[in-house]
Amino acid sequence: MELNEVLLKRRSVRKFTEEPVSEEDVLKLLHAGMSGPSACNKTPWEFFVVTNPEILEKLRKAARFSKITAPLAIVVCGNLSKALPSQLSPFWIQDCSAATENILLRATDLGLGAVWCGVHPMKTAEKNVREALSLPEKLVPLNIIHIGHPSENPEPRDQFSEKKIHFIK
Ligand SMILES: Cc1cc2nc3c(=O)[nH]c(=O)nc-3n(C[C@H](O)[C@H](O)[C@H](O)COP(=O)(O)O)c2cc1C
């Protein structure tokens with residue numbers, strides 16, 4: 001698919017068939033994620049690929065707006081031990097967000113559906129995900145991306161707005 005088509009076609013998909021996502025596609029998604037930019041190229045990300053039904057159920061319940069049934073979840077975590085020092089450390093959030101968007105776009109490109117469900121900075125959700133995945137202290141879960149073959153197809157949407165543009169000439 002052409003890039004501009006992917007950009008407009010990417011919508012949050014929250015309903016999926018039971019068909020599993022192939023291992024080949026999972027690797028393509030992760031490849032896309034790790035192709036993203038990161039501050040000073042620290043790549044402070046870790047990806048937990050979950051297909052275990054019990055853990056998926058825990059992730060479903062982990063955050064208030066994460067109650068989505070999908071055959072696959074990728075939990076994107078920031079690795080604080082790889083993040084930049086002191087006040088630059090929060091750049092891990094932007095790094096992991098760039099990786100997340102790349103995964104969403106690649107999912108669209110592959111004909112899959114996906115939705116980004118926020119975790120960090122919601123403390124209870126973070127704790128729930130941390131417990132579900134037995135995460136070490138140094139890893140902070142940024143989000144849960146639920147992924148699968150879509151059983152709903154939201155229309156492509158163009159949100160372009162001139163009002164949000166500020167040309168400085
Ligand atoms: C940081 C972030 C957190 C989000 N958290 C959730 C969530 O918890 N549950 C959910 O269903 N969608 C979540 N979304 C998806 C947004 O609701 C969605 O992107 C927005 O409504 C625009 O719709 P679109 O993705 O179809 O363009 C989140 C998106 C972002 C970027």
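What follows is a conversation about reading a predicted model, from its sheet to a few odd backbone spots.

Biologist: What should I know about the model before I start?

Modeller: It is predicted: local features need pLDDT of at least 70, side-chain atom pairs count only at pLDDT 80 or more, and totals for chains, interfaces and linings use all residues. Residues are numbered from 1 along each chain as its sequence is written.

Biologist: Okay, the sheet. In what order do the four strands come?

Modeller: Some ground rules. Helices (H or I, at least four residues) and strands (E, at least two) are DSSP runs, numbered from the N terminus. Two strands pair if DSSP finds at least two bridges between them. Here the four strands make an open sheet, ordered β1-β2-β4-β3, with antiparallel pairing. β1 (45-50) and β3 (113-118) are the edge strands, each pairing on one side only.

Biologist: How many bridges join β4 to β2, and how many join β4 to β3?

Modeller: β2 and β4 pair over eight bridges, while β3 and β4 (residues 139-148) pair over six. For single pairs, find W116, whose bridge partner in β4 is I145, and C77, which stands opposite P141 in β4.

Biologist: Is β4 buried or exposed?

Modeller: The test counts other C-beta atoms, placed from the backbone, within 10 Å of a residue's own: 20 or more is buried, 12 or fewer is exposed, and in between is partly exposed. In β4, 10 of the 10 residues are buried, so the strand is largely enclosed by the rest of the structure. Take L139, which lies in β4: it is buried, with 20 other C-beta atoms within 10 Å.

Biologist: Which residues does L139 touch?

Modeller: Two residues are in contact if their C-beta atoms, placed from the backbone, lie within 7 Å. Leaving out residues up to four places away in sequence, L139 touches E46, C77 and N79.

Biologist: Now the helices. At what angle do α3 and α5 pack?

Modeller: Axes are lines fitted to C-alpha atoms, for helices over the stretch in contact, and angles run from 0 to 180 degrees between N-to-C directions. α3 and α5 pack at about 175 degrees, with their axes 9 Å apart. That makes α3 roughly antiparallel to α5, a label for angles over 145 degrees; under 35 is roughly parallel, 65 to 115 roughly perpendicular and the rest oblique. The contact uses I55, K58, L59 and A62 of α3 and A125, N128, V129 and A132 of α5.

Biologist: And where does α5 lie on the sheet?

Modeller: Helix α5 (residues 123-133) lies across β1, β2 and β4, running at about 80 degrees to β4.

Biologist: Any backbone oddities?

Modeller: Most residues other than glycine have a negative phi, and most peptide bonds are trans. C40 has a positive phi of about 55 degrees although it is not a glycine, and T43 has a positive phi near 40 degrees. C40 is in the loop between α2 (23-33) and β1, and so is the place of T43. The H120 to P121 peptide bond is cis, with omega near 15 degrees.

Biologist: Are C40 and T43 exposed or partly exposed?

Modeller: C40 counts as exposed, with 11 C-beta neighbours inside 10 Å, whereas T43, with 17, counts as partly exposed.
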